[in-house]
Amino acid sequence: MSSALLPNILQFIECIDPFDKLPPDALRDLAGQVQITYVGKGERLDPCGEGQKRNLYIIRTGSLEQRKANGVLRAKLGPEDLFGFTFLGDEHKDSETYTAIALEDSLIYLVPRTALQAVFALHPECAEHFASQAQVRLKSALDVVWSAKDKGLFIRRVDEVASGRIAIVTAQSAIRDVAEEMLLQRSPCAVIYEGDALVGIITDRDMTKRVIAKGLSTERPIRDIMTCHPHTIAPSDLVLQAASLMMQFNIRNLPVVQNNKAVGLLTTSHLVQNHRMQAIFLIEKIKYAECVSALATFTSERQAIFEALVEGKVSPEVVGRVMTMIMDAYTKRLIEIALDKLGPAPCDFAWIVAGSHARNEVHMLSDQDSAIVLDNAATENDRIYFKHLAMMVCAGLARCDYPLCPGKFMAATPKWCQPLNIWQQYYQKWVANPEYDCLLNISVFLEVRAVYGNHQFETDLRQSMHQAISRNGSFLVKLIQDATNTTPPLGIFNSLVLEKSGENKKTLNIKKYAINLIIDLARIYGLAVESDRTATHERFEAAYRQGALSEDSYKNILNAYRFILSFRFSHQLEALKAGNEPNNHINPNRFGSFERKHLKDAFRIIADLQEAAKVKFGA
């Protein structure tokens, strides 16, 4: 290459991700080894060269498309796009081969694999940005966007904060022996087991009040004074959830339990630190609000928490869980307000949420998806009562800026306020006849979660759904066909026009063309292994744990999902800060090289998993 071209090449690649992350000296040395090739329209490039012949390709001008060995489109690429990552690593497999075909006359820069390896030898921290596996590149992108600095206590996991020391005793143990065990473990409380069942808890304060103050014999069994059916928390739960539980029930000691085994203890002293706990405070305000008008004044605080979470570089799953806890609190308080006005419920019921609310994936655009499941003994008069309750709650949520569902999938719609046996018949009908209306209905209620009332109804509904699906092998096939009718925009280059008309013309609908596709795939894989999980990432994990999803596919789709969610949240944050209404429509002119490259990785991963699902489930 002529040295006269070096400044031009350097100026071009130093603005492109991930070359912009290389040290200046390394970047200049690399630019000096770039080769230039011209590819005429219709000509092919084979990036699958062996050994030293492998290159990373950068499109300077023109456009190309990648085709897999079976002819399926892999991606369309334009100026500043890169390809050839797959063949940089030593783990390259034949199944990953593809051909690049020029759609127009194109000028291509070739960066030799050997030159890149020399850079990585001197700067190993840069290697992951050029990794051959898309999952690694996406994870490195998330690490860049989402720093772990300055995370507040309330968004950390319980096992990051709790003590691992806790006294464990049996219900037959003498009070004196339990006190000695607590002293030995230096634990302010003990959990009490009967066989394999955790049946109670006792604290040092309980000992003072129930034993010493009353002169009770310390030889008596601990079961005589223990607190039965104690509240517990899981190690993977958020400290926010634990703190909210402790406030709600005035608990000072919360056992950390995994698979029915006590593994630690969270106390109020763990929470008394100089951290911002605004989400907990908001939940407490919601809990004690006396009317809908008071609840409606908290919208700005909810928005502030969302902004703090996104600005704090918190993982998308945690953002969704925190915002879900807040929406749960609104829903529960509105139900309580309605019950106070209408009088006690005439029969057993459960308030069920669906959609993003059920998946613990609430964000600033989430609307209402809800239903009421009644006891089978409910009368017509009972249904009239619950119709009024549902209308009050749904209207209250709308006043608190949780929009009404455009499709009317809400408890206030009579069809979605029914006895349990009617709901069970719904699922049987939807699964047996998955035509458009039935498929639409079940797609909304494929994930359900009870937030108030009899939680057994939720379990019964889910069991009915799994039983109906297991009896109808064609249902998953139909679900896959419907889920793969829309494909991600593999041709994202140049002007990128997806929405052809309306107020969102010339924008990328990130929800329609990416997020919804991943959610649909998670549903399918979750249902295939009969998982009771509702969260998207948990469904993929369940499928991976049960062998329905390979480790590579699991890691790929999870990192793609996280990157796309973080991209959407950043877009919504930008709109909120500008005083605009947040939405899912993103102007492609705002994409930089960083966003475009990683979005393409994510879109290709989605398309690959769609194809894999079709093959696996016979669609």
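**Exercises on two helices and a glutamine**

In helix 18, the buried residues (under 20% relative accessible area, with a 1.4 Å probe and protein chains only) are Phe457, Glu458, Asp460, Leu461, Arg462, Ser464, Met465, His466, Ala468 and Ile469. Before you start: this is a predicted model, where local features need pLDDT of at least 70, side-chain atom pairs count only at pLDDT 80 or more, and totals for chains, interfaces and linings use all residues. Residues are numbered from 1 along each chain as its sequence is written, and side-chain values use heavy atoms, leaving out hydrogens and water.

**Exercise 1.** Work out what span helix 18 should have, and find what covers its buried residues.

*Solution.*
- Take 1.5 Å times one less than the number of residues.
- For the 16 residues of helix 18 (456-471) that gives 22 Å; the end C-alpha atoms sit 23 Å apart, which agrees.
- The cover includes strand 15 (349-354), strand 18 (448-453) and helix 20 (510-528).

**Exercise 2.** Sort out which side of helix 3 is buried.

*Solution.*
- Helix 3 (residues 113-122) buries Arg113, Ala115, Leu116, Val119 and Phe120.
- These cover an arc of only 160° around the axis (using directions from the axis to the C-beta atoms), so they lie on the same side of helix 3.
- Ala121 and Leu122, on the face turned away, are exposed (over 50% relative accessible area).

**Exercise 3.** Describe the surroundings of Gln368.

*Solution.*
- Gln368 is in the loop between helix 14 (355-358) and strand 16.
- Gln368 is buried, at 2% relative accessible area.
- Its side chain reaches the backbone oxygen of Cys394 at 3.0 Å.
- Leaving aside residues up to four places away in sequence, Gln368 touches (heavy atoms within 4.5 Å) residues including Cys394, Tyr402 and Phe409.

Notes
Helix = DSSP H or I, 4+ residues; strand = E, 2+ residues; numbered from the N terminus. Polar contact = N/O pair within 3.5 Å; in protein donor to acceptor, adjacent residues only side chain to side chain.
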